[in-house]
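Okay, thanks everyone for coming. I've got one structure to walk through today, so let me put it up and we'll go from there.

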Amino acid sequence: MFIITGGGTGIGKSLALNLANRGESVLVVGRREQPLINTSKLSENIEYVVADITSSDDQQKIVEVACEISIKIKGLVHNAGTIMPIENMTDISKDDWLKSLATNVEPALFLTQSFYPHMQGGRVLNISS
């Protein structure tokens, strides 16, 4: 199985469909359910879980759902992210900066740590804007 964060739209959706068309099982993850439903309808090989990757509880939920579906994780794709804040450096607030780090940086470490025992030779791919 491959897990793709931010799998409801854009690159994540395209990657999920490509893998599913190759016969791979895919779990797409995101905060908004409707885009995930739309992606999952593209193939019977795609399942989804609504979760916020910035939440430790939701990170654990992702691991639990993935492990219920498959015992072997072939890949984890960190595709979810935010491009915000787009401002002059002098105008960025600490809260906005921390939100960006919580989305773009922290899951690449902490979600990967959560999956590590289940990966058995799997790969991790980080995608960023």
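Right, let me start with the lining of the largest pocket: its residues divide into 12 nonpolar, 17 polar and 3 charged. One thing to keep in mind throughout is that this is a predicted model.

So, staying with that pocket, how much space lies in it? About 810 Å³. There are 32 residues lining it, and the ones that lie nearest its centre are Asn79, Ala80, Gly81, Thr82 and Thr103. If you want to find the walls on the screen, look at strand S2, residues 26–30, helix H2, residues 33–40, and then H4 and H5, since each of those supplies at least two residues of the lining. Which of them gives the most? That's H4, with 3 residues.

Let's stay on H4, then. Helix H4 runs over residues 94–104, and its buried residues include Ser100, Ala102 and Thr103. Those three cover an arc of only 160° around the axis, so they sit on the same side of H4. And what covers them? Helix H5, 106–119, is part of the answer. Notice that Thr103 turns up twice here: it's buried in H4, and it's also among the residues nearest the centre of the pocket.

Now the other helix I mentioned, H2. Its buried residues are Pro35, Leu36, Ile37, Thr39 and Ser40. What do they pack against? H1, S2 and strand S3, which is 46–50. Let me zoom in on Ser40, which belongs to H2. Its relative accessibility is 15%, and the cut-off for buried is under 20%, so Ser40 counts as buried. If you set aside the neighbours within four places in sequence, Ser40 is in contact with Ile46 and Tyr48.

Next, the loops. Rotate to the one between strand S4, residues 75–78, and H4, and you'll find Pro85 in it. The peptide bond going from Met84 into Pro85 is cis, with omega near 5°. Ile86 is in that loop between S4 and H4 as well. Buried or exposed, for Ile86? Exposed, with a relative accessible area of 58%. To give you a sense of distance, take Ile86 and Pro107: they're 21 residues apart along the chain, and their C-alpha atoms are separated by 21 Å.

Another backbone point while we're here. Gln120 isn't a glycine, but its phi is positive, near 40°. You'll find Gln120 in the loop between H5 and strand S5, the latter being 123–126. Gln120 is exposed too, at 55% relative accessible area.

Okay, salt bridges. How many does a search of the whole structure find? Just 1. The partners are Lys74 and Glu24, whose side chains meet at 3.0 Å, N to O. Lys74 is in the loop between helix H3, 56–69, and S4, while Glu24 is in the loop between helix H1, 10–21, and S2, so the pair ties together parts that are 50 residues apart in sequence. As for how open Lys74 is, it counts as partly exposed, at 35% relative accessibility.

Ser25 is in that loop between H1 and S2 too. Ser25 is partly exposed, with a relative accessible area of 27%. What does Ser25 touch? Leaving aside neighbours within four places in sequence, its contacts are Met1, Phe2, Asn45 and Ile69. Ile69 is the one I'd like you to look at on screen: Ser25 and Ile69 are 44 residues apart in sequence, and 8.9 Å apart in space, C-alpha to C-alpha.

Last stop is helix H3, where we find Asp58. Not counting residues up to four places away in sequence, Asp58 touches Ala51 and Asp52. I also checked Asp58 against Leu27: those two are 31 residues apart in sequence and 14 Å apart in space, again C-alpha to C-alpha.

So, to recap what to look at: the pocket of about 810 Å³, the cis bond from Met84 to Pro85, the positive phi at Gln120, and the salt bridge between Lys74 and Glu24. That's my tour, and I'm happy to take questions.

Notes
Residues numbered from 1 in each chain as written. Predicted model: local features only at pLDDT ≥ 70, side-chain atom pairs only at ≥ 80, totals over all residues. Heavy atoms only, no water. Buried < 20%, exposed > 50% of the residue type's maximum accessible area, 1.4 Å probe, protein only. Helix = DSSP H or I, 4+ residues; strand = E, 2+ residues; numbered from the N terminus. Arc of directions from axis to C-beta. Contact = heavy atoms within 4.5 Å. 1 Å grid on protein atoms, 1.4 Å probe; cavity = no way out; pocket = protein on both sides within 12 Å on 5 of 7 lines; lining within 4 Å. Points joined across faces, edges and corners; volume = space filled by probe spheres on them. Nonpolar A, V, L, I, M, F, W, Y, C, P; charged D, E, K, R; others polar. Salt bridge = Lys/Arg side-chain N within 4 Å of Asp/Glu carboxyl O.
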